[in-house]
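Me: Please take a close look at one part of this complex: the place where the two chains meet. Walk me through what pairs with what, and then set that part against the rest of the model.

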Amino acid sequence: MALVLSGTNIERVGVVDDSEDTRDTISDELQDAQLEPAPFDGPFGTLNDLIGTVAAAADAVVCDHHLSPRNYAPCTGAEAVANWYANRFPAVLVTRYEKAEIEEIRKFRRSIPSLIPSDEANPDTIVKGLQTCIEEFKGLFIPPRKPWPNMFRVDDIDVNANPVQVYVVVPGWQPSEAIRLTLDMFPEALREHVKPDERFFAVMNMGAETQEDLYFDNIEYRGK
Amino acid sequence: MSKVHLRFATDILRRFGEELNPNPDQGILELVKNAYDADARHCTIELISTGAPGGTITVSDDGDGMEESDIEDGWLVLGRSPKIATERTRLGRIPAGNKGLGRLAALRMGKTTSLITYPRNDPQREYQLLIDWTKFAAADVVEDVPLNLISRSRTNQLHHGSLITIADVAIPLTRTEVKRLARGILLLADPFGDEQSGFHPVLKAPEFKDLERLVQAKYFNDAEFHLRVDVDANGHASAVVTDYRGQALFGADHKELSSEPIYRCPPAEFDLWVFILSNTTFSSRPTSIEEVRTWLREFGGVHLYLNGLRVAPYGNPGNDWLDMNLHRVQHPELRPGTNTSIGRFSVTDLDNKLRQKTDRSGIVEDEAFNELKRIAQDALKWMARERLRAREITRTKERTEAPKDVEQAKENLEKVVNSLPTRSRTRVKKQLDQYERVRQKETQVLRKEVQLYRTLGTAGITASVFAHESRNPIRLIIHNAKLLIRRAKDGLFKRKDVAALEQPLERVLRQGQTLQSFTHLTLTLIDHDKRRIGKVDVHERVKGVLQAFDSLAKERKVQVIPNYAPGSPYFRGSDAAFESILTNLIVNSLKAFELVPPGPRTIAVSTELIGETVAIRVADNGPGIQGIAVKNIWLPGETTYANGTGLGLTIVQDSVRDLGGSVDVIPKGALGGAEFVVEIPILGA
């Protein structure tokens, strides 16, 4: 059981999830995709432990976003996938696509090429997700993921929320839609400038179809 | 080889002067600051016919004046400041220091500028200099226009100082600009402080007189609270809030104010007077609420003073540099806004850590400045929290005192009734008994209502936990159903590949059962019978709650260890109140585990009989109380969890009090995490 995706041989695919039933379900999907599932029971003491263990035992990974509630790993799946991406290890993230989750994920979105809604993880979406990831390693971006330098404006800020919420508008993408970011996405030195009507620059995927897929990387402030 | 020099086009004077100083009042204020640096005690600014083109502005002071070298190497040199902040002036002032560009903007407002100066160190001499700006307009480079510095001996040696006359002012000053100038001059040397700086700039204009009257009114005694924060040279802060009589209400050391070990900024003092502008507050005062409101409208907000002189625009109308109004909108009862408070932030910066922007529009927003902001914002946050706690204490006290007061009033009433003649006594007593029955009924209804809201609060918190938890089973059921449909279409049914179908179906069944158990606790919490007052069997209730949490605990790999005291302690109350307490404490422990790395997770729930009370302990091996002061955990709205409501522990505290008990917390308890101890008086065991 193996597949060749964009020239890369993928045989064993790790399954990282804090629920045993979910690991088994994803394993079934991988089997149906003609791939060999490698479910990891955990727990993992550190993020590095998780990253290293999976990368040593598999060719790619399907990882759930929520890993800490059930005593599995001390990090989120988004954080883990971003680390695998940085190490050029193919990974797809499975998420429930809820508001709070999307905010947590957005911080790492630049390094998460493939996000699959949990009930849509099937052989097609998993294989396509891994392929998108492998192609990005080669510098080939699908149009919704292609990075462009762009400007965005702070519309409002909710200092009482935990974490602090920043509503921004990206005029070049969708001028009528406010996107919710968290203040910790901004580099610490720039946070003092995060006020309504201030403008920032970032590398963004202007071809993103929905705001859930938008990423903000290398945020810069160039003054008034 | 010939020597050449860089030269500057005359146009550069306009650019430097005007473009870097957008407002004329800022430029004039720079001239006033020059007078301060020259140790003047008085400085008079006069505007003569400046409402139309061709007017004159004069700025005169009784400072040390200038000698020839001061004019040549200082006053006429643009872009370099001869003032060094660390060297104090003769009167011990720290120079306001600037690059001379603001001064240039003011001087260029007219067609000509004349300077007459009488040096203190050379009383028999005076210097005069006339700058005709039209000559600069006609010349190519600045160096092409010679200036004649006239030196004269003088006989009148009594006074010293300088007089600057800006004649034939090109652009008229509007009323708004004059008012802004008047405000700037008035606030320049902190008119609010008790210690006078010895510098009194005066603008000869009606706008100034009106504002001066207002500023001198000083309604500080009408403030409800006075916050005072001191930050020493090591960056350590302390704060105190006093009431209108000056008596300390709350105090905080550095640790309580800040999450960081120090504030990385120069020594500072922050005073804020907070007013409660309500008719009730002002009804017994000689001051009218409208006077204070007008005063605050004009001077409210926090003004920043650097080395004794004010830095604009901080505290100007519309400048809310500490985001006070934003916080006030969210907590109107606890947070002051710029229209309900007035403040002074004084910084002594001898090392020039704070740098003023070249266009005089404030201070460069670097680390030192942001640290100043952090001081004020931390202190405001702390004060709001203390006020909230004070309110909670009053609320609790009122609740405890109210029954006693009612009892006392009843006794007094009975005495009066008993002193009545027998016939009317019987009639009055009958009516009073009836009144008492109605009143008790009303109290009962209100109690039930409160109980209902608390139960609903707890049900809401629990429901959100379970709703969160239910998502996994739901998505798994859907996912496996899709998987089964696909496999069915692929013909696996026909091939009788049992494993391919059986395993997903088993998962569907298992997750359905989990889901079923989650709904149980939320629904039982809102059961009407549970709010009825009656016998509450402590052990029975604890077992019930733990059973309801069983599935969730297993899902989250948490071991729950109960340990019951011998016997069956019971008290009179409602099951709902007791279950609210326990449910909130267990939810709290479950949430705490998400903050620590994987490892064994344990919650120990035990009961212990201590005399006439039962102690219920809920302890876990989570991270303990962290990121929040222990005394603050009970306050409504205080939470360290993202998306937390901050209501759980408030409900616990209120419910325990309703049952006549007490609740305490050990931040690092027997298992290493938080340990809550609830004590409730019992009727038997």
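Reply: Chain A and chain B bury about 3200 Å² between them. Carbon and sulfur atoms give 39% of that area. This is a predicted model, and the predictor gives the complex an ipTM of 0.80 and a pTM of 0.62. Chain B averages a pLDDT of 85, with 93% of its residues scoring at least 70.

The contact draws 40 residues from chain A and 37 residues from chain B. Three residues of chain A stand out. A:Asp21, A:Arg70 and A:Asn71 supply 21% of the area that chain A buries against chain B, more than any other three residues.

Now the polar side of the interface. Between chain A and chain B, 20 residue pairs are in polar contact, both partners at pLDDT 80 or more. On chain A, helix H1 (residues 20-32) gives the largest share of the side that touches chain B, with eight residues. Nine salt bridges cross between chain A and chain B. Over all chains, the whole structure has 52 salt bridges. Side chains of opposite charge can pair when their charged atoms come close.

Start with A:Arg70, one of the three residues named above for buried area. A:Arg70 pairs with B:Glu555, and the closest N and O atoms are 2.7 Å apart. Where do the partners of this salt bridge sit? B:Glu555 lies in helix H15 (residues 538-555) of chain B. A:Arg70 lies in the loop between strand S5 (60-64) and helix H3 (77-86) of chain A, so the pair joins two chains. A:Arg70 counts as buried because its relative accessibility is 5%, under the 20% limit.

Next comes A:Glu29. The side chain of A:Glu29 meets that of B:Arg486 in a salt bridge, at 2.8 Å from N to O. This pair also crosses between chains: A:Glu29 is in helix H1 of chain A, and B:Arg486 is in helix H13 of chain B. Their exposure can be read against the 20% cut-off for burial. A:Glu29 has a relative accessible area of 1%, so A:Glu29 is buried. B:Arg486 has 21%, so B:Arg486 is partly exposed.

The pair of A:Glu29 and B:Arg486 belongs to a wider set. A:Asp28, A:Glu29, A:Asp32, B:Arg486, B:Arg487 and B:Arg507 are linked in a network of salt bridges. The acidic members named there are in chain A, and the arginines are in chain B.

A further bridge joins A:Asp17 and B:Arg475, at 3.9 Å from N to O. Here the chain A partner, A:Asp17, sits in the loop between strand S3 (12-16) and H1, while B:Arg475 is in helix H13 (residues 422-489) of chain B. Both A:Asp17 and B:Arg475 are buried.

Now set that against the body of chain B. Chain B has 17 helices and 21 strands. Of its 685 residues, 47% count as buried. Among contacts in chain B with a separation of 6 or more, 72% are between residues 24 or more positions apart.

In soluble globular proteins, nonpolar side chains tend to be buried together. The largest nonpolar core here has 62 residues, and B:Leu203 and B:Trp295 have the most contacts inside it. Helix H6 (residues 175-188) of chain B gives the largest share of this core, seven residues. Beyond its neighbours within four places in sequence, B:Leu203 is in contact with B:Ile45, B:Leu47, B:Val178, B:Leu181, B:Ala182, B:Ile185 and B:Phe208. Another core lies apart from this one. That other core has 44 residues, among them B:Ile461, B:Val542, B:Val587 and B:Ile651.

One more buried site in chain B is B:Met324, in helix H11 (residues 324-330). B:Met324 counts as buried because its relative accessible area is 4%. Leaving aside neighbours within four places in sequence, B:Met324 is in contact with B:Leu272, B:Val302, B:Pro336, B:Gly337, B:Ser341 and B:Leu380. B:Met324 and B:Thr338 are 14 residues apart in sequence, and their C-alpha atoms are 6.6 Å apart.

Key. Residues are numbered from 1 along each chain as its sequence is written. Chains are lettered from A and ligands numbered from 1 in the order in which they are written. Side-chain values use heavy atoms; hydrogens and water are left out. pLDDT is the predictor's confidence in each residue, from 0 to 100. A nonpolar core is a set of buried Ala, Val, Leu, Ile, Met, Phe, Trp, Tyr and Cys residues joined through side-chain atoms within 4.5 Å. Buried means under 20% relative accessible area, exposed over 50%, partly exposed in between (1.4 Å probe, protein chains only). Helices (H or I, at least four residues) and strands (E, at least two) are DSSP runs, numbered from the N terminus. Contact means heavy atoms within 4.5 Å. Buried area is the accessible area (1.4 Å probe) that two parts lose on being put together, summed over both. A salt bridge is a side-chain nitrogen of Lys or Arg within 4 Å of a carboxyl oxygen of Asp or Glu. A polar contact is a pair of N or O atoms within 3.5 Å; within protein, one must be able to donate a hydrogen and the other to accept it, and residues adjacent in sequence count only if both atoms are side-chain atoms.
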